[in-house]
Amino acid sequence: MKQARAHAEHNGDNPRWAERREEIVALAFAILQDSGLEHFDFGRIAERLGVRRNALFYYFDDRDALVYETVARTLEYRLRCIDSAIAEGGSGIAILQRYLTREITDRPAPLVPPLMQYTLAPAFTTRLGVRSRE
């Protein structure tokens, strides 16, 4: 069993360990959003956290495990938004409006920012009745 997995099983009930892991994931989101995958590495994360690079292995097996966690959380969040929009019923357009509204305006920060920066054409969102907070 790898080091991070062993620590996760051992420390899963430790609030400080869980809090620090969340902090690492939040920072990973920010780095992925700002710099992309090509500039994403443990060294940059460790530097921003003020710890040694090896300290991150206490929480994640490797870079790929951290990337996987950030992507998985983003997809889980989006799935919850879609499920919620569908549960409210209505036409396909109404469901899409509710989903996009949540994506654009209701995203909790900093734990679930988008992994890729994107913009929706104003004509498209206006036609759907979805407005950005900007």
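# Exercises on a six-helix chain

Val 67 lies in helix H4, which covers residues 63-87. The model used in these exercises is predicted.

**Exercise 1. Is Val 67 buried or exposed, and which residues beyond its sequence neighbours does Val 67 contact?**

Solution. Start with the accessibility: the relative value for Val 67 is 15%. The cut-off for buried is under 20%, so Val 67 counts as buried. Next, set aside the neighbours within four places in sequence; Val 67 is then in contact with Leu 37 and Phe 40. A further distance concerns Leu 32: the C-alpha atoms of Val 67 and Leu 32 are 8.6 Å apart, while the two residues are 35 apart in sequence.

**Exercise 2. Describe the fold of the chain as a whole: its elements, its burial and its contacts.**

Solution. Begin with the elements: there are 6 helices and 0 strands, and the order along the sequence is α-α-α-α-α-α. Turn to burial: of the 134 residues in the chain, 37% are buried. The exposed surface of the chain comes to about 8500 Å², and 54% of this is supplied by carbon and sulfur atoms. Finally, take the contacts with a separation of 6 or more: 61% of them join residues 24 or more positions apart.

**Exercise 3. How is H2 oriented relative to H3, and which residues make the contact?**

Solution. Helix H2 spans residues 15-35 and helix H3 spans residues 42-49; their axes are 10 Å apart and the packing angle is about 120 degrees. That angle makes H2 oblique to H3. The handedness of the crossing is right-handed. On the H2 side the contact is made by Arg 20, Glu 23, Ile 24, Leu 27, Ala 28, Ile 31 and Ser 35, and on the H3 side by Arg 44, Ile 45, Arg 48 and Leu 49. Sorted by class, these residues are 6 nonpolar, 1 polar and 4 charged.

**Exercise 4. How is H2 oriented relative to H4, and where does Arg 21 fit into their contact?**

Solution. The axes of H2 and H4 are 10 Å apart and meet at an angle of about 85 degrees. The range for roughly perpendicular is 65 to 115 degrees, and H2 is therefore roughly perpendicular to H4. From H2 the contact draws on Arg 21, Glu 22, Ile 24, Val 25, Ala 28, Phe 29 and Leu 32; from H4 it draws on Leu 66, Glu 69, Thr 70, Arg 73 and Thr 74. The classes are 6 nonpolar, 2 polar and 4 charged.

Now look at Arg 21, which is placed in H2. Its relative accessible area is 18%, so Arg 21 is buried. Without residues up to four places away in sequence, Arg 21 touches Tyr 59, Phe 60, Glu 69 and Arg 73. Glu 69 and Arg 73 also appear on the H4 side of the helix contact.

**Exercise 5. What are the angle, the axis distance and the handedness for H4 and H5, and which residues meet?**

Solution. H5 is the helix of residues 92-105; H4 packs against H5 at about 145 degrees, with the axes 8 Å apart. The crossing of H4 and H5 is right-handed. H4 contributes Tyr 77, Arg 78, Cys 81, Ile 82, Ser 84, Ala 85 and Ile 86, which meet Ile 95, Arg 98, Tyr 99, Arg 102 and Glu 103 of H5. By class this gives 7 nonpolar, 1 polar and 4 charged residues.

Notes: Residues are numbered from 1 along each chain as its sequence is written. This is a predicted model: local features need pLDDT of at least 70, side-chain atom pairs count only at pLDDT 80 or more; totals for chains, interfaces and linings use all residues. Side-chain values use heavy atoms; hydrogens and water are left out. Helices (H or I, at least four residues) and strands (E, at least two) are DSSP runs, numbered from the N terminus. Buried means under 20% relative accessible area, exposed over 50%, partly exposed in between (1.4 Å probe, protein chains only). Contact means heavy atoms within 4.5 Å. Accessible areas come from the Shrake-Rupley method with a 1.4 Å probe; for residues, only the protein chains shown count as cover. Axes are lines fitted to C-alpha atoms, for helices over the stretch in contact, and angles run from 0 to 180 degrees between N-to-C directions. Angles under 35 degrees count as roughly parallel, over 145 as roughly antiparallel, 65 to 115 as roughly perpendicular and the rest as oblique. A crossing is left-handed if the near helix is turned anticlockwise from the far one by less than a right angle, and right-handed if clockwise. Ala, Val, Leu, Ile, Met, Phe, Trp, Tyr, Cys and Pro count as nonpolar, Asp, Glu, Lys and Arg as charged, and the others, Gly among them, as polar.
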